[in-house]
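Student: I have a new model open on my screen. Could you show me how to read it?

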Amino acid sequence: MVYATADGRAGDRLRVGMVGGGRGAFIGAVHRFALRLDDQIALVAGALSSDAENAKASAAEIGIAPDRSYADYREMARAEAARPDGIEAVVIVTPNHLHAPISQAFMDAGIDVICDNPLAMNVAEAEALVAASKKLNRKLLVTLNNTGYPMVRQVREMV
C-alpha cells in the first residue's frame, strides 16, 4: 500500500464501488491502482462483471466481501444506497456504451459517479446526464487518466 498523503485511517477513506473491471479487464486494474495511490479511497463493493461467477471470483480476488459483490449494477445501486455504510461514489469502467445508463442508475440511487471517459456515446446522452446530475445534486466526474502518463507530463514540461 502506498501512503503518499494519507495517514492510513480506513474510516476516513471515501467508500467507492466499481462497475466493470473484473478479471481480465485491463482498465479496471489501472483504476484500482490509481485509487490506492494516496490511500484516500476504499474499494468496498463491485459489480465487476455481468457474469455472476466472474463477478464473484473477481471480487474475491481483490478483497471485496461476498455480500458487497453484485452481478448487476442496478442491484448494486439499490443495495448500496440502502446500506448505512454504502458507497459514496461509484467508479464506472465498463465498455463505453454502458457508461450513460450506469451513471444514471447510480445518480438516481443518490450515489455520486466517477466515470471513465467517454461519459456517453453522444452529446445528447452527455447533456442528459449533466442535467440529471444538477437536478439530483450529484457529482458526475469523468476521468482522463492519460494526463498522468509520464510522457504526457514530459510533453507538458517541454511546452
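Tutor: Sure, and keep in mind that this is a predicted model. Start with the secondary structure: the protein chain has 6 helices and 5 strands.

Student: In what order do the elements run from the N terminus on?

Tutor: Going along the protein chain, you meet β-α-β-α-α-β-α-β-α-β-α.

Student: What does the radius of gyration say about the protein chain?

Tutor: You compare it with what a compact globule would give. For 159 residues that is near 15 Å, and the protein chain has 16 Å, so the value agrees with a compact globule. Along its principal axes, the C-alpha trace spans about 50 × 40 × 30 Å.

Student: How much of the protein chain is buried?

Tutor: Of its 159 residues, 38% are buried, with under 20% relative accessible area as the cut-off. As for the surface, the protein chain exposes about 9,100 Å², and 57% of that comes from carbon and sulfur atoms.

Student: And what about contacts between residues far apart in sequence?

Tutor: Take the contacts with a separation of 6 or more: 62% of them join residues 24 or more positions apart.

Student: How far apart are the mean positions of the positive and negative charges?

Tutor: They are 2 Å apart, for 17 positive and 19 negative charges.

Student: Where does pLDDT stay under 50?

Tutor: Over residues 1–8, for which the model has 17 contacts beyond four places in sequence. Where pLDDT is low, don't read the predicted coordinates in detail. Across the protein chain, pLDDT averages 91, and 91% of the residues score at least 70.

Notes. Residues numbered from 1 in each chain as written. Predicted model: local features only at pLDDT ≥ 70, side-chain atom pairs only at ≥ 80, totals over all residues. Heavy atoms only, no water. Helix = DSSP H or I, 4+ residues; strand = E, 2+ residues; numbered from the N terminus. Rg over C-alpha atoms; globule rule 2.2 N^0.38 Å. Buried < 20%, exposed > 50% of the residue type's maximum accessible area, 1.4 Å probe, protein only. Contact = heavy atoms within 4.5 Å. Areas by Shrake-Rupley, 256 points an atom, 1.4 Å probe, with all protein chains shown as cover. Lys, Arg positive; Asp, Glu negative; His and termini not counted. Charge placed at Lys NZ, Arg CZ, Asp CG, Glu CD. pLDDT = per-residue confidence, 0-100.
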